[in-house]
Amino acid sequence: MTSQETERAVRQASALLMSNHISVIELGGAGAFECLDRLVACDLFLYDGQARQTVILDELGSVIADVTVAKLDGSFRLFVDGLTAAELLALIEAPKEVTVRDLLEEHTLISLHGPFAWELAATWLGRAVVRL
C-alpha cells in the first residue's frame, strides 16, 4: 500500500498499521511509579486499566517525546513517539528494584485508524470494545 493509499484509507475507511515508530517500555516493581513520575511532565493518577497522555521534556523544558502511559496489572506501559527505545532507556533512572523491559523485543505494536475503526474493532473484538 502506498502512502497515498494509506492516507485515503485512514480518512475514508479504516487502516490497520504497524506502529514501528513507537517505543513500548514496561516499568514494574517497587519504585516504578516514582521512576515514571520523574520522567514525564504530568501528575499521574492512574487506576489499573487507565491510560493518560503526557510528554517527556528535556532539561530546557522542550518536548522531546509524546507518551501514553497505561497502568496494567500494577506495572506501567509507556507508548512513546519521538524517542527510540535505546534513547528512552537512557533517560530512565531506575533503581535496582524497578524492572524495565522493552516490550517490542517480544511484541509488535499495531494500530487501527480511521472514521470506521471502532466498527471494525467491534467486529473483531466484540461490541463491548466500543464502550472503552
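# Notebook: salt bridges, cysteines and surface patches

I began with a pair of opposite charges, and found that the side chains of Arg77 and Glu26 meet in a salt bridge, with 3.0 Å from N to O. Arg77 lies in strand E5 (residues 75-81) and Glu26 in strand E2 (residues 22-28), so this pair ties together parts of the chain that are 51 residues apart in sequence. I note here that I am reading a predicted model.

I then asked myself how exposed each partner is. Arg77 is partly exposed, with a relative accessible area of 22%, whereas Glu26 counts as buried at 11% relative accessibility. The cut-off I needed for this step is that buried means under 20% relative accessible area.

**Entry: the other partner of Glu26.** I looked for further contacts of Glu26 and found that Arg101 also forms a salt bridge with Glu26, the closest N and O atoms being 3.0 Å apart. This pair, too, links distant parts of the chain, since Arg101 sits in strand E6 (residues 99-102) and Glu26 in strand E2, 75 residues apart. Arg101 counts as partly exposed, at 36% relative accessibility. When I followed the shared partners, I saw that salt bridges join Glu26, Arg77, Arg101 and Glu106 into one network.

**Entry: a salt bridge inside one helix.** The structure holds four salt bridges, and I next looked up the one that Arg11 forms with Glu7, where the closest N and O atoms are 3.4 Å apart. Both residues lie in helix H1 (residues 3-12), and they are four residues apart, which is about one turn of the helix. Arg11 is exposed, with a relative accessible area of 64%, while Glu7 is partly exposed, with 43%.

**Entry: the cysteines.** How many disulfides does a search of the whole structure find? The search finds zero, and I wanted to know the reason. A disulfide is a covalent bond between the sulfur atoms of two cysteines, so I had to look at how far apart such atoms are. The closest cysteine sulfur to that of Cys35 is in Cys42, and because it is 14 Å away, it is too far for a bond. The cut-off that this reasoning needs is a pair of sulfur atoms within 2.5 Å. Looking from the other side, I found that the sulfur of Cys42 has its closest cysteine sulfur in Cys35, at 14 Å, again too far for a bond. I also checked whether these residues are buried or exposed: Cys35 counts as buried at 3% relative accessibility, and Cys42 counts as buried at 12%.

**Entry: the loop after helix H2.** I moved on to Asp43, which is found in the loop between helix H2 (32-39) and strand E3 (51-57). Leu44 lies in this loop between H2 and E3 as well. Is each of these two buried or exposed? Asp43 counts as exposed, at 51% relative accessibility, but Leu44 counts as buried, at 4%. I also looked up a separation for Leu44, and the C-alpha atoms of Leu44 and Lys71, 27 residues apart along the chain, are separated by 9.9 Å.

**Entry: patches on the surface.** Which residues form a negative surface patch? I found that Glu34, Asp37, Asp43 and Glu97 form it, and so I met Asp43 from the loop entry again, a residue that counts as exposed. There is also a nonpolar patch on the surface, formed by Leu16, Met18, Ile110, Trp124 and Leu125, with about 590 Å² of accessible area together. Strand E1 (15-18) and helix H4 (117-125) each supply at least two residues of this nonpolar patch, and I placed Trp124 in helix H4.

**Entry: the whole chain.** Last, I stepped back to the protein chain, whose secondary structure comes to four helices and seven strands. Read along the sequence, these elements follow the pattern α-β-β-α-β-β-β-α-β-β-α. The C-alpha atoms fill a box of roughly 45 × 30 × 25 Å, taken along the principal axes. Of the 132 residues in the protein chain, buried residues make up 31%, and among them I had already met Cys35, Leu44 and Glu26.

Conventions: Residues numbered from 1 in each chain as written. Predicted model: local features only at pLDDT ≥ 70, side-chain atom pairs only at ≥ 80, totals over all residues. Heavy atoms only, no water. Buried < 20%, exposed > 50% of the residue type's maximum accessible area, 1.4 Å probe, protein only. Patch = residues over 30% accessible without salt bridge, like charges linked within 9 Å, V, L, I, M, F, W, Y side chains within 5 Å. Areas by Shrake-Rupley, 256 points an atom, 1.4 Å probe, with all protein chains shown as cover. Lys, Arg positive; Asp, Glu negative; His and termini not counted. Charge placed at Lys NZ, Arg CZ, Asp CG, Glu CD.
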